[in-house]
Amino acid sequence: MNFSAADHGFMARALQLAQRGLFTTTPNPRVGCVLVRDGRIVGEGWHEKAGMPHAEAAALTAIVGAGGTAKGATAYVTLEPCSHFGRTPPCVDALIEAGVVRVVAAMPDPNPLVAGQGLAKLAAAGIAVASGLLAAEAHELNIGFVSRMTRGRPWLRLKVAASLDGKTALNNGVSQWITGPAARRDAHIWRARSCAVLTGIGTVKDDNPRLTVREVPTTRQPLRVVIDSRLETPLDAAVLEGGNVLIAAAQDNDRAADLRARGAEIVILPNAQGKVELAYLLQELGRRGINEVLAEAGTRLNGSLLREGCVDELLIYQAPILLGDAARGMFGLAEITDLAGARRLNIIERRVVGADCRIRARLA
């Protein structure tokens, strides 16, 4: 379908509004809505968090609050309007009742409870419908939600801070700080948009991280997930402070009760080797409504996540320093003897962040 320049502009505005929910909407998608009549915006809104009005309802409320009406308007929405009752009523019913005459959705809703039914119900009510406008941008904004709806597991970004020669820590484990303050603040933005931050017991022991968002304002802290096969997490570990911690283990033992007393939830997900089954962990996180996971781990867990097909995207910060051969690398992967066996990546973004460089890449 051909869309006009005005259509593009109004949908771009809807996407800007959707971005406002970047840190808060989980487990729901980030959605924005713009209502247009006679070529001008008469109402707009976005979904802020679960349980609050969806973007369409917020935009309709804004019109009413301004003493206007949506009758005869076009609704530009970044995701197909919902057609089912959840925590809030169906948005399609509100749009029909308001008298809109056209609805343009950036993309269909991958939620099986919607999946085209929203647009179909609008069309059955005599409303002109279209989709596909700025679909790639809308998909990217909700890539974790789409992953959970279509694969039953969250989108996993693996964040690495490394030297120019690909080293993440000295041989003695020292790694703070390889990258500069601008890169660390940027990484906290990715933490803030994530539903969960994941690490391994090695990182807990070596660095004692909190894994909280501190460098950017946020009203929601992500779930902190520690992969700890033998439940070795120290009881005074910073990651346990304040609760909101999930420990994935391969076995229960005497320390479980003490860790639970410190506020940790423990799930037992063993594999045949006595380690945590990472694929099962991702499925468990998906079941809990986790859309995006940011992994911040060490060489061994990074390698395991890659080997077991758990990584969707790499977020690599490279500092203009050299640490030498003895330092620890990014990924604990087996040696290959033929370049045909190399893991191929598609670089989707390069950006200078302070004195460092940020690279985003996805598996080819």
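# Reasoning from values to terms

Student: Why is Glu140 called partly exposed?

Tutor: In this predicted model, Glu140 has a relative accessible area of 28%. Because buried means under 20% and exposed means over 50%, with partly exposed in between, the value of 28% places Glu140 in the middle class.

Student: What makes Arg362 and Glu140 a salt bridge?

Tutor: The closest N and O atoms of Arg362 and Glu140 are 2.4 Å apart, and the cut-off for a side-chain nitrogen of Lys or Arg and a carboxyl oxygen of Asp or Glu is within 4 Å, so the pair qualifies as a salt bridge. As a matter of general chemistry, side chains of opposite charge can pair when their charged atoms come close.

Student: Which parts does the pair of Arg362 and Glu140 tie together?

Tutor: Arg362 belongs to strand 16 and Glu140 to helix 5, so the pair ties together parts that are 222 residues apart in sequence.

Student: Is Arg362 buried or exposed, and how do you know?

Tutor: The relative accessibility of Arg362 is 16%, and because the limit for buried is under 20%, Arg362 counts as buried, whereas its partner Glu140 is partly exposed.

Student: How do you know that Lys159 forms a salt bridge with Glu296?

Tutor: For Lys159 and Glu296, the closest N and O atoms are 3.7 Å apart, so with the cut-off at within 4 Å the pair is counted as a salt bridge. Lys159 sits in strand 6, while Glu296 sits in the loop between strand 12 and helix 11 (299–307), and the two are 137 residues apart. Lys159 has a relative accessible area of 17% and is therefore buried, and Glu296, with a value of 10%, is buried as well.

Student: What makes Asp252 and Arg260 a salt bridge, and why are Asp252 and Arg260 placed in their accessibility class?

Tutor: The closest N and O atoms of Asp252 and Arg260 are 3.8 Å apart, and because the cut-off is within 4 Å, the pair is accepted as a salt bridge. Asp252 has a relative accessible area of 46% and Arg260 one of 40%; because partly exposed runs between 20% and 50%, Asp252 is partly exposed, and so is Arg260.

Student: How many salt bridges does a search of the whole structure find, and which residues do salt bridges that share partners join into one network?

Tutor: The search finds 26 salt bridges. Shared partners join a set of residues into one network, among them Arg30, Glu140, Arg157, Glu292, Arg358 and Arg362.

Student: Why is Ser194 called buried, and what does its side chain reach?

Tutor: Ser194 has a relative accessibility of 1%, and because buried means under 20%, Ser194 counts as buried. Ser194 lies in the loop between helix 7 (181–193) and strand 8 (196–200), and its side chain reaches the backbone oxygen of Trp190 at 2.7 Å. Leaving aside residues up to four places away in sequence, Ser194 also touches Arg220, Pro222, Glu292, Val293 and Leu294.

Student: What makes helix 6 mostly covered?

Tutor: Seven of the nine residues in helix 6 (residues 143–151) are buried, including Phe145, Val146 and Met149. The elements that cover these buried residues include helix 5 (135–141), strand 6 (155–163), helix 10 (278–287), strand 12 (292–295) and strand 16 (356–363). After helix 6 comes Gly152, whose phi is positive, near 75 degrees.

Student: How do you know that Arg153 is placed correctly as buried or exposed?

Tutor: Arg153, in the loop between helix 6 and strand 6, has a relative accessibility of 11%, so with the limit at under 20% Arg153 counts as buried. Among the residues that Arg153 touches, not counting those up to four places away in sequence, are Ser147, Arg148, Leu282 and Asp312.

Student: What makes strand 2 and strand 5 edge strands?

Tutor: Five strands form an open sheet in the order 2-1-3-4-5, with mixed pairing. Strand 2 (40–46) and strand 5 (128–131) each pair on one side only, and they are the edge strands. Strand 1 (residues 32–37) pairs with strand 3 (residues 74–77) in the antiparallel sense over four bridges, and Cys33 has Val77 in strand 3 as its bridge partner.

How values were computed
Residues numbered from 1 in each chain as written. Predicted model: local features only at pLDDT ≥ 70, side-chain atom pairs only at ≥ 80, totals over all residues. Heavy atoms only, no water. Buried < 20%, exposed > 50% of the residue type's maximum accessible area, 1.4 Å probe, protein only. Contact = heavy atoms within 4.5 Å. Polar contact = N/O pair within 3.5 Å; in protein donor to acceptor, adjacent residues only side chain to side chain. Pairing = 2+ DSSP bridges.
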